[in-house]
Amino acid sequence: MAPLLFSLFINDLPREIDSGCLMYADDVKNFRKIISPSDGLLLQQDLGRLTAWSVRWGLTLNPSKCRSFTTTLRRAPVRTEYFINATKLENVGEIRDLGITLDTKLTFAPHINNIVSRARRSLGLLFRSFQTGLGRSKFNQSALMCAYFSNVRSTLEYGSVIWTGAADTHTVRIDRVQHKFLIWLLSNTTSGHAASLAYADLLSHFRITSLASRRVQHDLLFTRNILNSKLDSYILLYSISLHAPARSIRTRRLFYVPRPRVNTVKRGLFCRVPHLVNSFLSSVPEADVFADASGTFKARVLTYVASL
(Lines give C-alpha, C1' and ligand atoms only; values in the text may rest on other atoms or scores of the structure.)
Protein backbone atom coordinates (compact mmCIF):
# COMPACT_ATOMS: atom_id res chain seq x y z
CA MET A 1 0.00 0.00 0.00
CA ALA A 2 2.86 2.40 0.81
CA PRO A 3 4.26 2.47 -2.80
CA LEU A 4 0.79 3.28 -4.14
CA LEU A 5 0.29 6.11 -1.65
CA PHE A 6 3.73 7.52 -2.49
CA SER A 7 2.93 7.44 -6.22
CA LEU A 8 -0.30 9.34 -5.57
CA PHE A 9 1.58 11.81 -3.37
CA ILE A 10 4.05 12.79 -6.14
CA ASN A 11 1.68 12.39 -9.09
CA ASP A 12 1.28 16.15 -9.62
CA LEU A 13 5.01 16.74 -10.17
CA PRO A 14 4.98 16.63 -14.03
CA ARG A 15 2.44 19.47 -14.05
CA GLU A 16 4.83 21.70 -12.12
CA ILE A 17 7.56 21.75 -14.78
CA ASP A 18 7.73 22.49 -18.50
CA SER A 19 10.53 20.06 -19.41
CA GLY A 20 10.06 16.35 -19.91
CA CYS A 21 9.67 14.33 -16.74
CA LEU A 22 10.05 10.60 -16.19
CA MET A 23 9.20 9.04 -12.84
CA TYR A 24 9.72 5.54 -11.49
CA ALA A 25 9.19 4.87 -7.78
CA ASP A 26 11.18 7.63 -6.01
CA ASP A 27 13.39 8.32 -9.06
CA VAL A 28 12.72 11.45 -11.15
CA LYS A 29 14.43 12.48 -14.40
CA ASN A 30 13.96 15.91 -15.98
CA PHE A 31 15.09 16.22 -19.58
CA ARG A 32 15.09 18.71 -22.45
CA LYS A 33 16.65 19.01 -25.89
CA ILE A 34 19.46 21.54 -25.55
CA ILE A 35 20.15 23.46 -28.76
CA SER A 36 21.18 26.81 -27.30
CA PRO A 37 22.14 28.20 -23.88
CA SER A 38 18.55 29.43 -23.46
CA ASP A 39 17.36 25.81 -23.45
CA GLY A 40 19.77 25.07 -20.62
CA LEU A 41 18.36 28.04 -18.72
CA LEU A 42 14.82 26.69 -19.12
CA LEU A 43 15.93 23.33 -17.74
CA GLN A 44 17.58 25.08 -14.78
CA GLN A 45 14.34 26.96 -14.13
CA ASP A 46 12.51 23.63 -14.03
CA LEU A 47 15.01 22.38 -11.48
CA GLY A 48 14.12 25.42 -9.42
CA ARG A 49 10.43 24.55 -9.70
CA LEU A 50 11.24 20.98 -8.69
CA THR A 51 13.05 22.28 -5.61
CA ALA A 52 10.12 24.55 -4.69
CA TRP A 53 7.68 21.65 -5.15
CA SER A 54 9.76 19.40 -2.88
CA VAL A 55 9.86 22.08 -0.15
CA ARG A 56 6.11 22.60 -0.40
CA TRP A 57 5.41 18.89 0.08
CA GLY A 58 8.10 18.26 2.66
CA LEU A 59 10.28 16.02 0.48
CA THR A 60 13.90 17.02 0.94
CA LEU A 61 16.12 16.61 -2.12
CA ASN A 62 19.70 15.37 -1.77
CA PRO A 63 21.75 17.14 -4.49
CA SER A 64 24.77 14.93 -3.78
CA LYS A 65 22.82 11.98 -5.22
CA CYS A 66 21.71 13.89 -8.32
CA ARG A 67 23.63 13.91 -11.59
CA SER A 68 23.68 15.82 -14.85
CA PHE A 69 23.94 13.65 -17.96
CA THR A 70 24.03 14.55 -21.65
CA THR A 71 23.57 12.33 -24.70
CA THR A 72 24.73 13.82 -27.99
CA LEU A 73 26.51 12.95 -31.22
CA ARG A 74 27.76 16.51 -31.70
CA ARG A 75 31.45 17.22 -31.50
CA ALA A 76 30.84 20.52 -29.73
CA PRO A 77 27.61 20.27 -27.74
CA VAL A 78 26.18 23.09 -25.65
CA ARG A 79 27.57 22.79 -22.12
CA THR A 80 25.49 24.00 -19.20
CA GLU A 81 25.99 23.76 -15.46
CA TYR A 82 22.96 22.84 -13.37
CA PHE A 83 22.26 23.48 -9.71
CA ILE A 84 19.90 22.28 -6.98
CA ASN A 85 19.79 24.44 -3.85
CA ALA A 86 22.98 26.21 -4.96
CA THR A 87 24.75 22.84 -5.20
CA LYS A 88 26.32 22.19 -8.59
CA LEU A 89 25.31 18.86 -10.08
CA GLU A 90 28.12 16.58 -11.19
CA ASN A 91 28.15 15.99 -14.96
CA VAL A 92 28.89 12.31 -15.66
CA GLY A 93 29.84 10.42 -18.80
CA GLU A 94 27.93 7.27 -17.82
CA ILE A 95 24.78 6.71 -15.82
CA ARG A 96 22.87 3.58 -14.79
CA ASP A 97 19.12 3.79 -15.30
CA LEU A 98 16.92 0.84 -14.30
CA GLY A 99 19.75 -1.61 -14.88
CA ILE A 100 20.95 -0.19 -18.22
CA THR A 101 24.24 1.73 -18.34
CA LEU A 102 24.01 4.68 -20.72
CA ASP A 103 26.98 6.56 -22.14
CA THR A 104 27.01 9.97 -23.81
CA LYS A 105 27.25 8.56 -27.38
CA LEU A 106 24.80 5.69 -26.72
CA THR A 107 27.33 3.10 -27.86
CA PHE A 108 26.30 0.86 -24.92
CA ALA A 109 29.89 -0.34 -24.67
CA PRO A 110 30.00 0.31 -20.88
CA HIS A 111 26.74 -1.60 -20.44
CA ILE A 112 28.02 -4.63 -22.34
CA ASN A 113 31.27 -4.49 -20.35
CA ASN A 114 29.20 -4.62 -17.16
CA ILE A 115 26.89 -7.47 -18.13
CA VAL A 116 29.71 -9.57 -19.59
CA SER A 117 31.71 -9.16 -16.36
CA ARG A 118 28.70 -10.06 -14.20
CA ALA A 119 27.82 -13.03 -16.42
CA ARG A 120 31.38 -14.35 -16.27
CA ARG A 121 31.35 -14.17 -12.48
CA SER A 122 28.04 -16.04 -12.38
CA LEU A 123 29.36 -18.59 -14.86
CA GLY A 124 32.49 -19.11 -12.75
CA LEU A 125 30.32 -19.67 -9.69
CA LEU A 126 28.25 -22.20 -11.63
CA PHE A 127 31.40 -24.07 -12.69
CA ARG A 128 32.75 -24.17 -9.14
CA SER A 129 29.41 -25.37 -7.79
CA PHE A 130 29.67 -28.52 -9.91
CA GLN A 131 33.29 -29.37 -9.15
CA THR A 132 32.38 -32.39 -7.06
CA GLY A 133 34.81 -34.94 -8.51
CA LEU A 134 31.96 -37.33 -9.23
CA GLY A 135 32.56 -37.46 -12.96
CA ARG A 136 30.47 -36.08 -15.77
CA SER A 137 28.05 -39.01 -15.79
CA LYS A 138 26.61 -37.73 -12.50
CA PHE A 139 25.53 -34.35 -13.91
CA ASN A 140 22.08 -33.81 -15.36
CA GLN A 141 22.24 -31.79 -18.58
CA SER A 142 18.77 -30.26 -18.17
CA ALA A 143 19.57 -29.07 -14.64
CA LEU A 144 22.84 -27.49 -15.77
CA MET A 145 21.18 -25.69 -18.66
CA CYS A 146 18.38 -24.48 -16.38
CA ALA A 147 20.96 -23.08 -13.96
CA TYR A 148 22.75 -21.34 -16.83
CA PHE A 149 19.55 -19.87 -18.28
CA SER A 150 18.36 -18.46 -14.96
CA ASN A 151 21.68 -17.19 -13.57
CA VAL A 152 23.80 -16.29 -16.59
CA ARG A 153 21.75 -15.89 -19.75
CA SER A 154 19.18 -13.73 -17.96
CA THR A 155 21.97 -11.26 -17.14
CA LEU A 156 23.15 -11.20 -20.76
CA GLU A 157 19.65 -10.53 -22.11
CA TYR A 158 18.18 -8.03 -19.67
CA GLY A 159 16.80 -5.00 -21.53
CA SER A 160 18.22 -6.22 -24.83
CA VAL A 161 15.77 -4.24 -27.01
CA ILE A 162 17.47 -1.07 -25.73
CA TRP A 163 21.12 -1.96 -26.36
CA THR A 164 20.95 -4.51 -29.21
CA GLY A 165 21.99 -1.76 -31.63
CA ALA A 166 25.50 -1.69 -30.15
CA ALA A 167 28.32 -2.39 -32.60
CA ASP A 168 29.09 -6.02 -33.44
CA THR A 169 32.50 -5.69 -31.81
CA HIS A 170 30.66 -5.31 -28.50
CA THR A 171 27.74 -7.72 -28.92
CA VAL A 172 29.94 -10.59 -30.17
CA ARG A 173 31.47 -10.77 -26.69
CA ILE A 174 28.08 -11.75 -25.28
CA ASP A 175 27.87 -14.96 -27.31
CA ARG A 176 31.40 -15.85 -26.24
CA VAL A 177 30.11 -16.32 -22.70
CA GLN A 178 27.53 -18.83 -23.92
CA HIS A 179 30.14 -20.53 -26.10
CA LYS A 180 32.34 -21.04 -23.04
CA PHE A 181 29.43 -22.58 -21.15
CA LEU A 182 28.59 -24.99 -23.97
CA ILE A 183 32.19 -26.21 -24.16
CA TRP A 184 32.12 -26.87 -20.41
CA LEU A 185 28.69 -28.51 -20.67
CA LEU A 186 29.92 -30.90 -23.39
CA SER A 187 32.81 -32.04 -21.24
CA ASN A 188 30.77 -32.48 -18.06
CA THR A 189 27.71 -34.37 -19.28
CA THR A 190 27.06 -37.55 -21.21
CA SER A 191 25.46 -35.70 -24.11
CA GLY A 192 27.30 -37.44 -26.90
CA HIS A 193 29.86 -35.98 -29.28
CA ALA A 194 29.45 -32.68 -31.14
CA ALA A 195 30.83 -32.25 -34.64
CA SER A 196 33.39 -29.82 -33.24
CA LEU A 197 33.84 -27.24 -30.52
CA ALA A 198 32.80 -24.46 -32.90
CA TYR A 199 29.97 -22.32 -31.56
CA ALA A 200 27.54 -23.19 -34.38
CA ASP A 201 28.14 -26.93 -33.94
CA LEU A 202 27.59 -26.74 -30.18
CA LEU A 203 24.36 -24.76 -30.63
CA SER A 204 23.12 -27.43 -33.03
CA HIS A 205 24.25 -30.24 -30.72
CA PHE A 206 22.43 -28.87 -27.67
CA ARG A 207 19.51 -27.52 -29.72
CA ILE A 208 19.61 -24.01 -28.36
CA THR A 209 19.63 -20.64 -30.11
CA SER A 210 22.46 -18.13 -30.25
CA LEU A 211 22.03 -15.03 -28.14
CA ALA A 212 22.19 -12.87 -31.27
CA SER A 213 19.19 -14.72 -32.73
CA ARG A 214 17.35 -14.49 -29.43
CA ARG A 215 17.79 -10.71 -29.51
CA VAL A 216 16.05 -10.71 -32.91
CA GLN A 217 13.24 -12.70 -31.30
CA HIS A 218 12.96 -10.19 -28.46
CA ASP A 219 12.79 -7.28 -30.92
CA LEU A 220 9.98 -8.88 -32.92
CA LEU A 221 7.89 -9.79 -29.88
CA PHE A 222 8.51 -6.36 -28.36
CA THR A 223 7.24 -4.69 -31.54
CA ARG A 224 4.11 -6.82 -31.59
CA ASN A 225 3.39 -5.89 -27.98
CA ILE A 226 3.66 -2.20 -28.88
CA LEU A 227 1.37 -2.47 -31.90
CA ASN A 228 -1.22 -4.49 -29.97
CA SER A 229 -1.14 -2.19 -26.92
CA LYS A 230 0.32 -4.85 -24.65
CA LEU A 231 2.84 -2.13 -23.78
CA ASP A 232 0.97 1.06 -22.95
CA SER A 233 3.26 3.73 -24.39
CA TYR A 234 2.02 6.24 -26.96
CA ILE A 235 5.61 7.44 -27.50
CA LEU A 236 6.71 3.99 -28.64
CA LEU A 237 3.57 3.48 -30.71
CA TYR A 238 3.89 6.81 -32.55
CA SER A 239 7.56 6.14 -33.26
CA ILE A 240 6.71 3.19 -35.54
CA SER A 241 5.07 4.45 -38.74
CA LEU A 242 3.32 2.54 -41.51
CA HIS A 243 4.89 2.70 -44.96
CA ALA A 244 2.58 4.47 -47.43
CA PRO A 245 4.46 5.07 -50.72
CA ALA A 246 3.15 7.73 -53.10
CA ARG A 247 3.42 5.32 -56.04
CA SER A 248 3.40 1.59 -56.60
CA ILE A 249 6.75 -0.08 -55.93
CA ARG A 250 7.99 -3.65 -56.25
CA THR A 251 9.10 -4.04 -52.65
CA ARG A 252 6.30 -4.37 -50.16
CA ARG A 253 7.09 -2.95 -46.77
CA LEU A 254 4.60 -2.62 -43.96
CA PHE A 255 6.59 -0.17 -41.85
CA TYR A 256 8.51 2.91 -42.80
CA VAL A 257 12.25 2.65 -42.15
CA PRO A 258 14.02 5.97 -41.44
CA ARG A 259 17.33 6.58 -43.23
CA PRO A 260 19.69 8.31 -40.82
CA ARG A 261 23.30 9.03 -41.74
CA VAL A 262 24.80 8.02 -38.40
CA ASN A 263 25.27 4.33 -37.56
CA THR A 264 24.37 4.90 -33.91
CA VAL A 265 20.90 6.08 -34.94
CA LYS A 266 20.60 3.55 -37.77
CA ARG A 267 21.15 0.66 -35.36
CA GLY A 268 18.88 2.21 -32.75
CA LEU A 269 15.48 0.87 -31.75
CA PHE A 270 13.28 3.01 -34.01
CA CYS A 271 15.29 2.29 -37.16
CA ARG A 272 16.27 -1.29 -36.38
CA VAL A 273 12.84 -2.61 -35.44
CA PRO A 274 10.84 -1.51 -38.55
CA HIS A 275 13.52 -2.97 -40.84
CA LEU A 276 13.56 -6.20 -38.84
CA VAL A 277 9.77 -6.60 -38.89
CA ASN A 278 9.67 -5.94 -42.64
CA SER A 279 12.28 -8.66 -43.20
CA PHE A 280 10.38 -11.07 -40.97
CA LEU A 281 7.05 -10.48 -42.76
CA SER A 282 8.78 -10.88 -46.12
CA SER A 283 10.22 -14.26 -45.06
CA VAL A 284 7.03 -15.40 -43.30
CA PRO A 285 4.19 -13.92 -45.42
CA GLU A 286 1.49 -15.77 -43.49
CA ALA A 287 2.40 -13.89 -40.31
CA ASP A 288 0.22 -10.95 -39.25
CA VAL A 289 1.72 -8.70 -36.63
CA PHE A 290 -1.71 -7.22 -35.84
CA ALA A 291 -4.15 -10.14 -36.07
CA ASP A 292 -2.13 -13.23 -35.06
CA ALA A 293 -2.75 -14.61 -31.59
CA SER A 294 0.17 -14.25 -29.22
CA GLY A 295 1.03 -17.97 -29.29
CA THR A 296 0.75 -18.20 -33.08
CA PHE A 297 2.93 -15.16 -33.67
CA LYS A 298 5.56 -16.37 -31.21
CA ALA A 299 5.69 -19.79 -32.87
CA ARG A 300 6.27 -18.16 -36.25
CA VAL A 301 8.97 -15.94 -34.79
CA LEU A 302 10.75 -18.93 -33.25
CA THR A 303 10.68 -20.73 -36.59
CA TYR A 304 12.08 -17.66 -38.33
CA VAL A 305 14.79 -17.14 -35.72
CA ALA A 306 15.84 -20.79 -35.96
CA SER A 307 16.45 -20.30 -39.69
CA LEU A 308 18.80 -17.35 -39.24
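Buried means under 20% relative accessible area, exposed over 50%, and partly exposed in between. The legends below use these terms for a predicted model.

**Figure 1. Asp292 and Arg300 form a salt bridge.** The N to O distance between the two side chains is 2.7 Å. Arg300 has 23% relative accessibility and so counts as partly exposed. Asp292, with a relative accessible area of 12%, is buried. The cut-off of 20% falls between these two classes.

**Figure 2. Overall view of the predicted model.** The protein has 308 residues, of which 38% count as buried. Its secondary structure consists of 13 helices and 8 strands. Along the principal axes, the C-alpha atoms occupy a box of roughly 70 × 60 × 45 Å. The accessible surface is about 18700 Å², and carbon and sulfur atoms contribute 55% of that area. Of the contacts between residues at least 6 apart in sequence, 57% connect residues at least 24 apart.

**Figure 3. Helix H7 and the elements that cover its buried residues.** H7 runs through residues 168-188 and contains 21 residues. From first to last C-alpha the helix reaches 31 Å, close to the 30 Å expected at 1.5 Å a residue. Buried residues of H7 include the nonpolar Ile174, Val177, Phe181, Leu182, Trp184, Leu185 and Leu186. Thr171, Arg173, Asp175, Gln178 and Asn188 of H7 are buried as well. Among the covering elements are helix H4 (109-129), helix H5 (141-157) and helix H6 (160-163). Helix H8 (199-206) and helix H9 (211-227) also contribute to the cover.

**Figure 4. A salt bridge within helix H3, between Arg49 and Asp46.** The N to O distance of the pair is 2.5 Å. Both residues belong to H3 and are 3 residues apart, about one turn of the helix. Asp46 is buried, its relative accessible area being 0%, whereas Arg49 is partly exposed at 33%. Both residues belong to a network of salt bridges that also links Asp18 and Arg32.

**Figure 5. A salt bridge between helices H2 and H3, formed by Glu16 and Arg56.** The closest N and O atoms of Glu16 and Arg56 are 3.2 Å apart. Glu16 lies in helix H2 (residues 13-16) and Arg56 in helix H3 (residues 37-56), so the bridge ties together parts that are 40 residues apart in sequence. Glu16 is partly exposed, with 29% relative accessibility. Arg56 is likewise partly exposed, with a relative accessible area of 49%. The count for the structure comes to 12 salt bridges.

**Figure 6. A nonpolar surface patch that includes residues of helix H10.** Tyr234, Ile235, Leu237 and Tyr238 make up the patch, which covers about 480 Å². Leu237 is found in H10, which spans residues 234-238. At 33% relative accessibility, Leu237 counts as partly exposed.

**Figure 7. Cysteines of the model.** A search of the whole structure finds 0 disulfides. Cys21 is in no disulfide, and the nearest cysteine sulfur, that of Cys66, is 13 Å away. Cys271 has 8% relative accessibility and therefore counts as buried.

Key: Residues numbered from 1 in each chain as written. Predicted model: local features only at pLDDT ≥ 70, side-chain atom pairs only at ≥ 80, totals over all residues. Heavy atoms only, no water. Patch = residues over 30% accessible without salt bridge, like charges linked within 9 Å, V, L, I, M, F, W, Y side chains within 5 Å. Areas by Shrake-Rupley, 256 points an atom, 1.4 Å probe, with all protein chains shown as cover. Salt bridge = Lys/Arg side-chain N within 4 Å of Asp/Glu carboxyl O. Helix = DSSP H or I, 4+ residues; strand = E, 2+ residues; numbered from the N terminus. Buried < 20%, exposed > 50% of the residue type's maximum accessible area, 1.4 Å probe, protein only. Expected span 1.5 Å × (residues − 1). Contact = heavy atoms within 4.5 Å. Disulfide = S-S within 2.5 Å.
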